[in-house]
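Colleague: I should be grateful for a close look at one part of this model, namely the loop residues with unusual backbone angles, followed by a word on how the helices pack.

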Amino acid sequence: MIFVTGPLYSGKREFARTVLGCREADMVWDVQDLAAGCGDLEELARKLENHPVVIATEVGGGVVPMDRDQRAAREAAGRLACLLAKRAETVVRVFCGLPTVLKGTLP
């Protein structure tokens with residue numbers, strides 16, 4: 001599995017399509033939204049690792065929300081990203097359309 005992460009609108013899906021040659025059916029994106037309220041992040045990560053490409057938007061780089069549920073959702077998204085990065089053969093961060101390989105190599 002290739003895990004692609006980065007800020008919102010940074011070119012993550014375009015990178016997966018053009019550089020990795022992925023079809024929409026080969027990738028799952030916005031997985032950070034699945035983490036909110038998930039009772040078992042390990043199980044969620046196990047399910048997601050079966051996809052060739054998993055894309056998550058980084059959500060923890062801004063102002064910490066005052067709302068307790070929003071803070072919990074951001075925490076869960078970050079923990080899920082860590083679990084996915086650990087399981088992935090390759091981890092890529094895309095920023096301003098530029099990919100940086102954090103782990104492994106691009107195919």
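Modeller: A residue is called exposed when its relative accessible area is over 50%, and buried when that area is under 20%. The model is a predicted one. By that criterion Tyr9 is exposed, because its relative accessible area is 76%. Tyr9 sits in the loop that joins β1 (2-6) to α1 (12-18). Its backbone deserves attention: the phi of Tyr9 is near 55 degrees, a positive value in a residue other than glycine.

A second case is Asp30, which is likewise not a glycine and has a positive phi of about 55 degrees. Asp30 lies in the loop between β2 (27-28) and α2 (32-35). With a relative accessibility of 30%, Asp30 counts as partly exposed, since this value falls between the two cut-offs.

As to the helices, α3 (residues 41-48) packs against α4 (residues 68-87) with the axes 9 Å apart and at an angle of about 45 degrees. The angle is neither under 35 degrees nor within 65 to 115, so α3 is oblique to α4. The crossing of these two helices, α3 and α4, is right-handed. On the α3 side, the contact is made by Leu41, Glu42, Leu44, Ala45, Arg46 and Leu48; α4 contributes Ala76, Arg79, Leu80, Leu83, Leu84 and Arg87. Sorted by character, the residues of this contact between α3 and α4 comprise 8 nonpolar and 4 charged, with no polar ones.

Conventions. Residues are numbered from 1 along each chain as its sequence is written. This is a predicted model: local features need pLDDT of at least 70, side-chain atom pairs count only at pLDDT 80 or more; totals for chains, interfaces and linings use all residues. Side-chain values use heavy atoms; hydrogens and water are left out. Helices (H or I, at least four residues) and strands (E, at least two) are DSSP runs, numbered from the N terminus. Buried means under 20% relative accessible area, exposed over 50%, partly exposed in between (1.4 Å probe, protein chains only). Axes are lines fitted to C-alpha atoms, for helices over the stretch in contact, and angles run from 0 to 180 degrees between N-to-C directions. Angles under 35 degrees count as roughly parallel, over 145 as roughly antiparallel, 65 to 115 as roughly perpendicular and the rest as oblique. A crossing is left-handed if the near helix is turned anticlockwise from the far one by less than a right angle, and right-handed if clockwise. Contact means heavy atoms within 4.5 Å. Ala, Val, Leu, Ile, Met, Phe, Trp, Tyr, Cys and Pro count as nonpolar, Asp, Glu, Lys and Arg as charged, and the others, Gly among them, as polar.
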